[in-house]
There are 2 protein chains.
Amino acid sequence: MSLIDRLADELARLPGVGRKTALRLTYHLLKAPPEDAGRLADAIMAVSERVRTCARCGNYTEQSTCAICASPRRELSIICVVEEASDINAIERTGEYRGLYHVLGGRLSPLDGIGPAELNITSLLERAAMDGVREVVLATNPSVEGEATALYLHKLISPLGVRVTRIARGLPVGGDLEYADGVTIAEALHGRREL
Amino acid sequence: MSLIDRLADELARLPGVGRKTALRLTYHLLKAPPEDAGRLADAIMAVSERVRTCARCGNYTEQSTCAICASPRRELSIICVVEEASDINAIERTGEYRGLYHVLGGRLSPLDGIGPAELNITSLLERAAMDGVREVVLATNPSVEGEATALYLHKLISPLGVRVTRIARGLPVGGDLEYADGVTIAEALHGRREL
């Protein structure tokens, strides 16, 4: 196999990259200055070799503890539970949350063979039981599995005397009532608040 | 800057890859086995370092002469002129062409400062003047610049006593007359043939 085909094959394994896009990217890298290709290859190797997960919360980090867990300015009384470390980025971008995180590493999905033992639940319970923790926000995805996971965690954490909350479901900001699905509209009505 | 941001930045420099896609790919590479990331980085470096252009036709190759120029089974009497080496791949996939190629390295585009001196035209004229060459097929893109380039080459090559042809323009196979642009329909009418 030619080197061009080999690179196109590797690129086509990436999510959302088809055969044509892979070839287009390959030819782009061929025409680009060698430094550009080198920097991309270096960046891939660096991420793969040097990024690991925070020993406490599971966030991506280059140290043993992530920047959020190590920060003296975060509220230690609140823990936000997410499915994947990449979800932390989405929440951090809002700038609206100042607490800590906990990465489950997935969601309950019996059909895929993912039960409680496959997720970072034991460490979550240990953290939730620690002194000073007052609230656990369940920010798993608003999907069937995400909801089931949130319900399961709620049952486990509530007895610890900690407040357990769930992020709100409703119409996305900028969305259109006309095109929203019925379940979302029902949730938006159900979760309505006083103005 | 974090290694994750660095990789996302490098990926976002690729054509057609926006900031969100770059982040999604970055997280994919983080979750993938390290061997996968390593193979991708290796493939990028290999292409960048070891793929060069054929000394004769300008096609991509890992040797000094490309597989097409080196093949004893290609017709030496016909040369197909393309703008970019990546165009060769598109023509080869059809399996309909058995001759040689010549890569211009672009097309005439005065506004971008690309004149005849910036393209591999001298070497094309040398090849077209060689004994045994009977036809030069101009397969530059059917764009304004591609047409201008084809006309320019036609004027240069015709005096050499070589047949100069241009790939046909018309309706793409599987296309729809109703949605075709007027210029394409006009070309299709103009180039009509007996059944």
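A salt bridge here is a side-chain nitrogen of Lys or Arg within 4 Å of a carboxyl oxygen of Asp or Glu. Keep that in mind as we walk through this predicted model, starting with a pair that fits the rule: B:E84 and A:K31, whose closest N and O atoms are 3.0 Å apart.

That pair crosses between chains, running from the loop between strand 3 and helix 5 of chain B, where B:E84 sits, to helix 2 (residues 19-31) of chain A, home of A:K31. The two ends differ in exposure: B:E84 has 22% relative accessibility, so it counts as partly exposed, while A:K31, at 54%, counts as exposed.

Let's zoom out to the interface. Chain B puts 41 residues in contact with 41 residues of chain A. Together the two chains bury about 4,100 Å², with 68% of that on carbon and sulfur atoms. The rule finds 6 salt bridges across this interface, along with 10 residue pairs in polar contact. On the chain B side, the elements giving two or more residues are helix 1 (3-12), helix 2, helix 3 (34-50) and helix 5 (85-94). Helix 3 of chain B supplies the largest share, 15 residues. By type, the chain B side divides into 22 nonpolar, 7 polar and 12 charged residues.

Back to charged pairs. A:D36 and B:R13 meet in a salt bridge at 3.3 Å, N to O. A:D36 lies in helix 3 (residues 34-50) of chain A and B:R13 in the loop between helix 1 and helix 2 of chain B, so this pair joins two chains as well. Both ends are partly exposed, with A:D36 at 21% relative accessible area and B:R13 at 46%.

Over all chains, the structure holds 24 salt bridges. One of them, A:E147 with A:R169 at 3.0 Å, stays inside chain A: it ties helix 7 (residues 144-157) to the loop between strand 6 (163-166) and helix 8 (182-190), parts that are 22 residues apart in sequence. There is also a network, in which bridges with shared partners join A:E10, A:R13, B:D36 and B:R39.

Now for the rings. There are 4 aromatic pairs over all chains. In one of them, A:Y60 and B:Y27 have ring centres 5.8 Å apart and planes at 20 degrees, so the pair is stacked. Since A:Y60 is in strand 2 (residues 60-61) of chain A and B:Y27 in helix 2 (residues 19-31) of chain B, the pair joins two chains. Both tyrosines are buried.

Key
Residues are numbered from 1 along each chain as its sequence is written. Chains are lettered from A and ligands numbered from 1 in the order in which they are written. This is a predicted model: local features need pLDDT of at least 70, side-chain atom pairs count only at pLDDT 80 or more; totals for chains, interfaces and linings use all residues. Side-chain values use heavy atoms; hydrogens and water are left out. Rings of Phe, Tyr and Trp (its six-membered ring) pair if their centres lie within 6.5 Å; planes under 30 degrees apart count as stacked, over 60 as edge-to-face and the rest as tilted. Helices (H or I, at least four residues) and strands (E, at least two) are DSSP runs, numbered from the N terminus. Buried means under 20% relative accessible area, exposed over 50%, partly exposed in between (1.4 Å probe, protein chains only). Contact means heavy atoms within 4.5 Å. Buried area is the accessible area (1.4 Å probe) that two parts lose on being put together, summed over both. A polar contact is a pair of N or O atoms within 3.5 Å; within protein, one must be able to donate a hydrogen and the other to accept it, and residues adjacent in sequence count only if both atoms are side-chain atoms. Ala, Val, Leu, Ile, Met, Phe, Trp, Tyr, Cys and Pro count as nonpolar, Asp, Glu, Lys and Arg as charged, and the others, Gly among them, as polar.
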